[in-house]
Amino acid sequence: QVQLAESGGGSVQAGGLLRLSCAASGYTYSSYCMAWFRQVPGKEREGVAIIYLGDEYTYYADSVKGRFTISRDNAKNTVSLHMFFLKPEDTAMYYCAALPAATTHINRLNRPGDFPYWGQGTQVTISS
């Protein structure tokens, strides 16, 4: 059973930085596609960043390009989201998601339904 646990959320001022981590267990790490999504109450879940663990191929939402970086740590079985120059509009609940056996590079930022495994989420709040 795949389990995902996010950590690292919090409250910072605009222009600040945060690092989110997703600790994963229960699967063969290298064959997965991992993603970060975010959601604000009353709005649809939005894809933020994707990484294909086999070759570290990445996709980013236009709204975060140049400010967010998704990366993996094989030794710790974690995927991180480094967020810089944070803006109030980045405020949301951030979720980690996993898709097994994903070897084809598809931009899945608009396809949250592709991901069968999700964490519980971690809140990020950016004040102006």
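Guide: Two rings of Phe, Tyr or Trp (its six-membered ring) are paired if their centres lie within 6.5 Å, and planes under 30 degrees apart count as stacked, over 60 as edge-to-face and the rest as tilted. By this rule there are 6 aromatic pairs, and Phe37, Tyr95, Phe115 and Trp118 form one aromatic cluster. The model is a predicted one, in which local features need pLDDT of at least 70 and side-chain atom pairs count only at pLDDT 80 or more, while totals for chains, interfaces and linings use all residues. Residues are numbered from 1 along each chain as its sequence is written, and side-chain values use heavy atoms, with hydrogens and water left out.

Visitor: Why is the pair of phenylalanine 37 and phenylalanine 115 called edge-to-face?

Guide: The centres of phenylalanine 37 and phenylalanine 115 are 5.5 Å apart and their planes meet at 70 degrees, so the distance falls within the pairing limit and the angle is over the edge-to-face cut-off. Phenylalanine 37 lies in strand S4 (residues 33-39) and phenylalanine 115 in the loop between S9 and strand S10 (117-118), 78 residues apart; strands here are DSSP runs of E with at least two residues, and helices runs of H or I with at least four, numbered from the N terminus.

Visitor: What makes phenylalanine 37 and phenylalanine 115 count as buried or exposed?

Guide: Buried means under 20% relative accessible area, exposed over 50%, and partly exposed in between (1.4 Å probe, protein chains only). Phenylalanine 37 has 0% and phenylalanine 115 has 3%, so each is buried.

Visitor: How do you know that cysteine 22 and cysteine 96 are joined by a disulfide?

Guide: A disulfide is a pair of cysteine sulfur atoms within 2.5 Å, and the sulfur atoms of cysteine 22 and cysteine 96 are 2.1 Å apart, which meets that limit. The pair links distant parts of the chain, cysteine 22 in strand S3 (residues 18-25) and cysteine 96 in strand S9 (residues 92-99).

Visitor: Why is cysteine 33 too far for a bond?

Guide: The closest cysteine sulfur, in cysteine 96, is 10 Å from the sulfur of cysteine 33, so no disulfide is assigned to cysteine 33 under the 2.5 Å limit. Cysteine 33 also counts as buried, at 0% relative accessibility.

Visitor: What makes arginine 45 count as lying over the face of tyrosine 95?

Guide: The rule asks for NZ of Lys or CZ of Arg within 6 Å of the ring centre and within 35 degrees of the ring normal. Arginine 45 lies over the face of tyrosine 95 at 4.0 Å from the ring centre, and over the face of tryptophan 118 at 4.7 Å.
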